[in-house]
Amino acid sequence: MKKRIVLIVSVLFYAGMFFMTCTARTLHEAKLPHVKVLNLEYELFIDEEGNQSFGAAFPKEWYREGEIYKISNVMINDEYRTIARRVDGLELGMENEEYGEKWDRFQ
């Protein structure tokens, strides 16, 4: 009887470990933020007073939706990794119909 219980527990344990091994990558990637990557373009911005500024621009809809991330390479546990961090509190400079000017630096 004890051998049978040990056998059943062992089979269940290894079946569970096999299941977790097969689904680990999917679960890990589901937790990662899915970001849109964009090389910032430079646009000419003109305000109401006629002042001009030529600077890095990003889509205003991304700013409104809070979808701006800074992509960087950092060393974590003696290994370089590419990470994405949400940018909060970004100040807008001048704007046009589609783009907002990146006014302050990404921190």
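# Briefing: the strand 3 to strand 4 hairpin and its surroundings

Asn-77 is found in the loop between strand 3 and strand 4. The model is a predicted one. The protein has 107 residues, 19% of them buried, and its secondary structure consists of two helices and six strands. The points below begin with the overall fold, then turn to the hairpin that holds Asn-77, and close with the salt bridge and the aromatic residues of helix 1.

**Overall architecture**

- Read from the N terminus, the order of elements is α-β-β-α-β-β-β-β.
- Contacts between residues at least 6 apart in sequence include a 44% share that joins residues at least 24 apart.
- The protein exposes an accessible surface of about 9,300 Å². Carbon and sulfur atoms account for 55% of that surface.
- Buried residues amount to 19% of the chain, where buried stands for a relative accessible area under 20%.

**Pairing of strand 3 with strand 4**

- Strand 3 covers residues 69-76 and strand 4 covers residues 79-86. The two strands run antiparallel to each other and are joined over eight bridges.
- Two cross-strand positions can be named: Ile-71 faces Ala-84 of strand 4, and Asn-73 faces Thr-82 of strand 4.
- Ile-71 belongs to strand 3. Ile-71 is classed as partly exposed because its relative accessible area is 45%, a value between the limits of 20% and 50%.
- Besides standing opposite Ala-84, Ile-71 has its C-alpha atom 5.7 Å from that of Ile-83, a residue twelve positions away along the chain.
- Lys-70 is another residue of strand 3, and its relative accessible area of 34% makes it partly exposed.
- The C-alpha atoms of Lys-70 and Ala-84 are separated by 5.5 Å in space, although the two residues are 14 apart in sequence.
- As a general point, side chains in a regular strand alternate between the two faces of the sheet.

**The turn: Asn-77 and Asp-78**

- Two residues lie between strand 3 and strand 4 in the hairpin. Asn-77 is found in this loop, and so is Asp-78.
- Which backbone angle sets Asn-77 apart, given that it is not a glycine? Its phi is positive, at about 55°.
- Asp-78, likewise a residue other than glycine, has a positive phi near 60°.
- For context, most residues other than glycine have a negative phi.
- Is Asn-77 buried or exposed? Asn-77 counts as exposed because its relative accessibility is 66%, and the limit for that class is over 50%.
- Asp-78 also falls in the exposed class, with a relative accessible area of 73%.

**Salt bridge**

- How many salt bridges does the structure contain? The count comes to one.
- The partners are Arg-81 and Glu-79, whose side chains meet at a nitrogen-to-oxygen distance of 3.7 Å.
- Arg-81 is partly exposed, at 34% relative accessible area. Glu-79 is also partly exposed, at 42% relative accessibility.
- The residue range of strand 4, 79-86, takes in both partners of the bridge.

**Aromatic pair and nonpolar surface patch**

- Helix 1 spans residues 2-31, and Tyr-14 is found in it.
- One aromatic pair is found in a search of the whole structure. The pair consists of Phe-13 and Tyr-14, with ring centres 5.2 Å apart and ring planes at 75°, so the geometry is edge-to-face.
- The assignment follows because an angle over 60 degrees between the planes counts as edge-to-face.
- Phe-13 is partly exposed, at 46% relative accessibility, whereas Tyr-14 is exposed, at 58%.
- Which residues form the nonpolar patch on the surface? Phe-13, Tyr-14, Met-17, Phe-19 and Met-20 form the patch, and together they offer about 590 Å² of accessible area.
- Both rings of the aromatic pair therefore belong to residues of this patch.

Key: Residues are numbered from 1 along each chain as its sequence is written. This is a predicted model: local features need pLDDT of at least 70, side-chain atom pairs count only at pLDDT 80 or more; totals for chains, interfaces and linings use all residues. Side-chain values use heavy atoms; hydrogens and water are left out. Patches are made of residues with over 30% relative accessible area and no salt bridge: like charges are joined within 9 Å, nonpolar side chains (Val, Leu, Ile, Met, Phe, Trp, Tyr) within 5 Å. Accessible areas come from the Shrake-Rupley method with a 1.4 Å probe; for residues, only the protein chains shown count as cover. A salt bridge is a side-chain nitrogen of Lys or Arg within 4 Å of a carboxyl oxygen of Asp or Glu. Helices (H or I, at least four residues) and strands (E, at least two) are DSSP runs, numbered from the N terminus. Buried means under 20% relative accessible area, exposed over 50%, partly exposed in between (1.4 Å probe, protein chains only). Contact means heavy atoms within 4.5 Å. Two strands pair if DSSP finds at least two bridges between them. Rings of Phe, Tyr and Trp (its six-membered ring) pair if their centres lie within 6.5 Å; planes under 30 degrees apart count as stacked, over 60 as edge-to-face and the rest as tilted.
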